[in-house]
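Colleague: I would like a close look at one part of this model. Please keep it plain.

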Amino acid sequence: PPRSTPLYSSSAADEYKRQTYLLTIQVEDGGEGNRGAREGSSDDITAGSGVRYDTASVTILILDINDNPPVFEHSPYTIRLLETNSLVKAPDTTAIPKSAIFVASAKDADDYPYNQIEYSFRDGGRHNEHFTINGTTGQIYLAQSLDREREPILVLELLAMDSGTPRLTSTGTLTIIVEDANDHPPRFENTEYSFSVEENVNQETVVAEVLAEDEDAIHNADVT
């Protein structure tokens, strides 16, 4: 009667190293010639004196599974934005669309369909409300205007999730440094001043002092 036998792997298969295995298997019957040879018989048994065998080719394809999480290759990222929301500097490795301030990009070593990536912000991020993200493209947009005087540095935790079951994730970090724009006028400490000066004071004598401040930074805060 027909008999079956299992084939076992001798080591773990890796689809990324080798995707196909070609095997030749042989089956032999219990003919006298075969049994005598196995038992060390001294009889002169010639080829074909009862041994029957057959061969078959077996092709084994290694199928991909979702065993690799997506990876942000260049995280952590840092960009600089003016308060007026103009992009000043971004990583050279990233193409910035006209209306986006940044593009998050992760890679997944698995094959389709497990390597489809969805982008989002990690829940609970302090600065999430300032931005929105396109879950498909990873493009990040401003949702609120920036104010360097209130928050000069904002940090976003990025999340990349693949399409396997279960879904695998990884995180990245984007730091936004807000550059100052000259968006505050200087202001006097008081709106009105009144001083008394004695007559006949010497020339270049200080007769009063007024104070003005500017909430901007560096040279934008210099007042004259």
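Which side chains along strand 8 (residues 118–121) are buried, and which are not?

Modeller: This is a predicted model, in which local features need pLDDT of at least 70 and side-chain atom pairs count only at pLDDT 80 or more, while totals for chains, interfaces and linings use all residues. Residues are numbered from 1 along each chain as its sequence is written, and side-chain values use heavy atoms, with hydrogens and water left out.

In strand 8, Y119 and F121 point to one face and are buried, whereas E118 and S120 point to the other face and are not. Buried means under 20% relative accessible area, exposed over 50%, and partly exposed in between (1.4 Å probe, protein chains only). Strands here are DSSP runs of E with at least two residues, numbered from the N terminus. In a regular strand the side chains alternate between the two faces of the sheet.

Strand 8 has an antiparallel pairing with strand 11 (residues 153–161), made over four bridges; two strands pair if DSSP finds at least two bridges between them. Opposite S120 in strand 11 stands L159.

Elsewhere, an open sheet of three strands runs in the order 6-10-9 with antiparallel pairing. Strand 6 (102–103) and strand 9 (131–133) are at its edges with a single partner strand each, so one side of each has no neighbour in the sheet. Strand 6 pairs with strand 10 (residues 139–142) in the antiparallel sense over two bridges, and F102 has I140 of strand 10 as its bridge partner.
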